[in-house]
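Let's take a friendly walk through a protein model together. Have the sequence and the 3D view ready, and follow along residue by residue.

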Amino acid sequence: MLAQFDTVLITILCILPILILILNHNLHRQKQPRGCRRLGIPPEKSNLRDEYSPKYTHGVPETHHDANGKPSWRIKALFTYPIKSCAGVELDASDVVPTGLKYDRQFCFAEYVVPKQRDAEPHWTARTLRDKRFERMALIKSEVWVPDSTVGGYALDLEEVKSEGAMVISYPRTFSGAMSFLGKLGIALGLISPEHSFQIPLTPPPDNLSSYPNTPVKIWKDSPIAYNYAHHLPPSLHKYLGTDTLTLFRVNPSHHREIFRCAPPKQTLGFQTVTGFADAYPIHLLSLSSVRDVALRCADIPRLSIRRFRANIIVQGPGAFEEDHWKKVVIGGVEIHTVCRTVRCRLPNVDPDTGVRHPSEPDRTLRGYRRIDPGCLAYACLGMQLVPAVERFRILVDDPISVLDTGEHFYIKMLAPEENVPGE
């Protein structure tokens, strides 16, 4: 009888932690934001499903059309990156606003830094995949949910509607100590979600602005004022990122960063070029054939995805590196300035699917033959930075692209102690 009791007790003690994990998971399961629909297309329907096909290795004439009558030079895929250096959201269409694709780089993680220099003030500074301690950011995913009056339960007084939508942030569930085995077992059995998730408002609700204090965030030479979202971050996210000194910030639209350097002046455009938390310019374009050329030379990474380079607009049709000398293009009928080449840092060394940083590639391969811009010969170039000639328009996958003007480029660095090397 005593032996049976001991067996039951041991069984209960083994099962109890799993039951607690399941209960905790159910209590914190993220619900669909009310009155909203989700933006984006699922991974299984990605427009990049065939990105490794040999057909993208070579360009085709700009005047050609494919078997379906589509122009050979066109947008292959669109991505917006709501949180800087975190996973992107693939789209079939996007509104373009003054800062770039809508929702792009409107949030960033920043760390509170106390400088060693006596005369320097503590400050919040943006962190990205460049920073060696933060490779895991690549696996933080965002779902953008926008208000939709056709969705059941929609109402003007919903918090999600008043906040212009919601963002659901998810990241891998981690365990430690004695719970590690049981946690992994629960995930393997499908009893526990492999991810944590939480929800934040896309914009601070107008009736609760005091919960989002305006705070300067240092990004390169700028320190724009941003909304502090610290109170939304759960302890599990700090644990996942391995620091308690990191929090989330949102762009304050009254404090966009003004962009000069290679961008057309305000007198030419009729408006001042601005951006949010993007490194340097509103939109980043990349050619699929250019990345295929790099991939063929980069033996250490058998399947080098174009997603490593975090472009907004991915185009198909042009031959490798034809974009290097573009000065002005038309995409979907909209005139766009290609203002400079994208100078590359080591950020693409982080695999977007695993969050693992390669010690040298593809940076080493790129530097071996792509240090081509006379304004920054220390770094390789891949892709182009764009400034539209209008502030607002809509862009779609399969929109045609044509070149209006070509010429020389000279990368102009920021006038700051650190060297600005866009890669995000």
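Our first stop is a helix and its surroundings. The buried residues of α6 are covered by, among others, β2 (74-80), β16 (283-287), β17 (313-316), α7 (363-369) and β20 (381-388). Helices (H or I, at least four residues) and strands (E, at least two) are DSSP runs, numbered from the N terminus. Helix α6 spans residues 288-297, and eight of its ten residues are buried. Buried means under 20% relative accessible area, exposed means over 50%, and partly exposed is in between (1.4 Å probe, protein chains only).

A word about the model: it is predicted, so local features need pLDDT of at least 70 and side-chain atom pairs count only at pLDDT 80 or more, while totals for chains, interfaces and linings use all residues. Residues are numbered from 1 along each chain as its sequence is written, and side-chain values use heavy atoms, leaving out hydrogens and water.

Now look at Arg 292, which lies in helix α6. What is the nearest side chain of opposite charge to Arg 292? It is Glu 51, 4.3 Å away, and Arg 292 is buried yet has no salt bridge. A salt bridge is a side-chain nitrogen of Lys or Arg within 4 Å of a carboxyl oxygen of Asp or Glu. The backbone oxygen of Glu 51, however, lies 3.3 Å from a polar atom of the Arg 292 side chain.

Elsewhere, salt bridges do form: a search of the whole structure finds 29. Here are three of them.

| Pair | Closest N to O distance |
|---|---|
| Arg 74 and Asp 398 | 3.0 Å |
| Lys 221 and Asp 222 | 3.3 Å |
| Asp 373 and Arg 341 | 3.0 Å |

Asp 373, in the loop between α7 and β20, and Arg 341, in strand β19 (residues 334-343), are 32 residues apart. Asp 373 counts as buried because its relative accessibility is 0%, and Arg 341 is buried too, at 3%. In another pair, Arg 74 is buried at 10%, whereas Asp 398 is partly exposed at 28%. Salt bridges can also join up: Glu 111, Arg 127, Asp 131 and Arg 133 are linked in a network.

Finally, turn to the nonpolar cores. A nonpolar core is a set of buried Ala, Val, Leu, Ile, Met, Phe, Trp, Tyr and Cys residues joined through side-chain atoms within 4.5 Å. The largest has 30 residues, and Phe 109, Ile 140, Leu 237 and Leu 248 have the most contacts inside it. A second, separate core has 22 residues, including Leu 101 and Phe 393.

Note on methods. Contact means heavy atoms within 4.5 Å. Lys and Arg count as positive and Asp and Glu as negative; His and the chain ends are not counted. A polar contact is a pair of N or O atoms within 3.5 Å; within protein, one must be able to donate a hydrogen and the other to accept it, and residues adjacent in sequence count only if both atoms are side-chain atoms.
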